[in-house]
Amino acid sequence: MPRLTLPHLAVPRFILPRLAFRRLTVPRLAVPRLAIRETAIAIPPGQARARRTLALAGLAHALHDGLTDMIYVLLPVWQAQFGLDYGALAILRALYVGALAALQVPAGHLARYLNARTVLALGTLLCAGGYALAGLSGGLAGLCAALAVAGAGGSTQHPLASAAVSRAYADAARGPLGTYNFAGDLGKAAIPPAVSLLLTVMDWRATLWVIAGLGTAVALLIRWLMPPVADPPTVREAPAATSTNTAGKAGFGLLLAIGVLDSAARMGFLLFLPFLLQAKGAPLTTVGLALSLVFIGGACGKAACGWFGARAGLFATVIATEVGTAAAILAIIALPLAPSLAALPLLGMLLNGTSSVLYGTVPEFAASASVERAFALFYTGTLGSSALGPVLYGWIGDAAGPAWATTMAAATALAVVPLAVLLSPRLASVAHTEHK
């Protein structure tokens, strides 16, 4: 027992000074640890500005895409009020989308003199004002003029917001651009069904005033919260880059042609979807729900096809989505109402699958200083197709019926396949040049 107690009595005498010394040094060691934790939590200013740019650009995309596609809900209402056929309804929509497409490039030029943030905010405000004028219109002529004004304001969103995201994230912009495109589908999924619900409690003019107020609020948020967009970098082209530029131009032309056909097929189907569903016995609220199902599926499709495209490549993704789109459109025509509604989310995934990979590929065929111009040209072509294509389908619908016109939209989707075959080697050539 004494042998056990003596070491216990002796240990505190040797260790106490060391413990006291350690207690004195604890505050010293705590200071750098706290500093390390603070620097780990802090977000770099550039990253915070990029995130804010992405958030506001996504909000603008959600609003403008929702305002564009809510016209599909209003088409049956305008048909009943003004006695329009399918071709006239397509022309009515084309006034909005045509102005939106025609002013894409001028909006990009204007952003060189005014900052892109300012042009985007003013364009959003003009779009909201156009819909407010549509709500005040007393007849068909006033509605046509107001839709053209709203489309002119909407022309600023696609080239400037997408270029703002591309500038903010530079070489890492593919993922944020996918998020930006996903935000547009959220707007498509939210605004059209909201409009269909508003139409059950108020007339279409009052509904457009509510939408105009929403657009005004978003315009103010963009102007106050979105960081200024960086100026295009000045890049000196090397003489050896001529072949790369030629390959990039050829690839961009094919990419644009695929986008034009894909957009025409998508918008042609959406033009006749409300009338196909009404022929199956669907009320207006069900039409709004159906559009929401398509756009929700489209939002999921962009994420799924972005994942698939990163692993299988652009060629395989385009082939799968376009062939699937054609098959799904034909199934919607043949099926009764309930199975058609159940199939709409899958069709939405396929409809937007191609666009999700096309948009992210645009910067790969453009020089760093001309990203805005590339996006403007691409959106001009695709939106112009979405304006003029449904007019052609509308004439077919007047002559042969909505089912045959929708079948032609499915055939247009299949026409993308040979163009994708031609694009695939050029995309590989550009990727090889960039990695040299």
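Accessible areas in this report come from the Shrake-Rupley method with a 1.4 Å probe. The structure is a predicted model, and its accessible surface comes to about 19900 Å². Carbon and sulfur atoms account for 71% of that surface.

## Overall make-up

The chain has 436 residues, of which 49% are buried. Its secondary structure consists of 17 helices and zero strands. When contacts between residues at least 6 apart in sequence are taken, 85% of them join residues at least 24 apart.

## Aromatic pairs

A search of the whole structure returns four aromatic pairs. One of them is formed by W78 and W204, whose ring centres are 5.9 Å apart. Planes over 60 degrees apart count as edge-to-face, and the planes of W78 and W204 stand at 85°, so this pair falls in that class. W78 belongs to helix α3 (residues 71-82) and W204 to helix α10, so the pair ties together parts of the chain 126 residues apart in sequence. W78 counts as buried at 1% relative accessibility, and W204 counts as buried at 4%.

Y96 and Y131 form a tilted pair. Y96 sits in helix α4 (residues 86-102) and Y131 in helix α6 (residues 116-136), so the parts tied together here are 35 residues apart in sequence. Both Y96 and Y131 are buried. The geometry of these two pairs is set out below.

| Pair | Centre to centre | Angle between planes | Class |
|---|---|---|---|
| W78 and W204 | 5.9 Å | 85° | edge-to-face |
| Y96 and Y131 | 5.8 Å | 40° | tilted |

Ring pairs also link Y86, F272 and F275 into a cluster.

## A nonpolar patch on the surface

Helix α10, which holds W204, also contributes to the surface. A nonpolar patch there is made of L59, L220, L221, W224 and L225, and together these residues have about 490 Å² of accessible area. Helix α10 (residues 204-225) supplies four residues, the largest share of the patch. L59 lies in helix α2 (residues 45-69). Residues enter a patch when their relative accessible area is over 30%; L59, at 33%, is partly exposed.

## Helix α8

How far apart are the end C-alpha atoms of helix α8 (residues 157-169)? They are 18 Å apart. The helix has 13 residues, and at 1.5 Å a residue these should span 18 Å, so expectation and model agree. The expected span is taken as 1.5 Å times one less than the number of residues.

Helix α8 is mostly covered, with eleven of its 13 residues buried. The buried residues run from Q157 through H158, P159, L160, A161, S162, A163, A164, V165 and S166 to R167. Polar and charged names such as H158 and R167 are therefore among the buried residues listed for α8. Just after this helix, A170 takes a positive phi of about 55°.

## G324 and L351

Is G324 buried or exposed? G324 has a relative accessible area of 19%, and since buried means under 20%, G324 counts as buried. G324 lies in helix α13 (residues 314-334). From C-alpha to C-alpha, G324 and L351 are 8.6 Å apart in space, while 27 residues separate them in sequence.

Definitions and conventions. Residues are numbered from 1 along each chain as its sequence is written. This is a predicted model: local features need pLDDT of at least 70, side-chain atom pairs count only at pLDDT 80 or more; totals for chains, interfaces and linings use all residues. Side-chain values use heavy atoms; hydrogens and water are left out. Patches are made of residues with over 30% relative accessible area and no salt bridge: like charges are joined within 9 Å, nonpolar side chains (Val, Leu, Ile, Met, Phe, Trp, Tyr) within 5 Å. A salt bridge is a side-chain nitrogen of Lys or Arg within 4 Å of a carboxyl oxygen of Asp or Glu. Helices (H or I, at least four residues) and strands (E, at least two) are DSSP runs, numbered from the N terminus. Buried means under 20% relative accessible area, exposed over 50%, partly exposed in between (1.4 Å probe, protein chains only). Contact means heavy atoms within 4.5 Å. Rings of Phe, Tyr and Trp (its six-membered ring) pair if their centres lie within 6.5 Å; planes under 30 degrees apart count as stacked, over 60 as edge-to-face and the rest as tilted.
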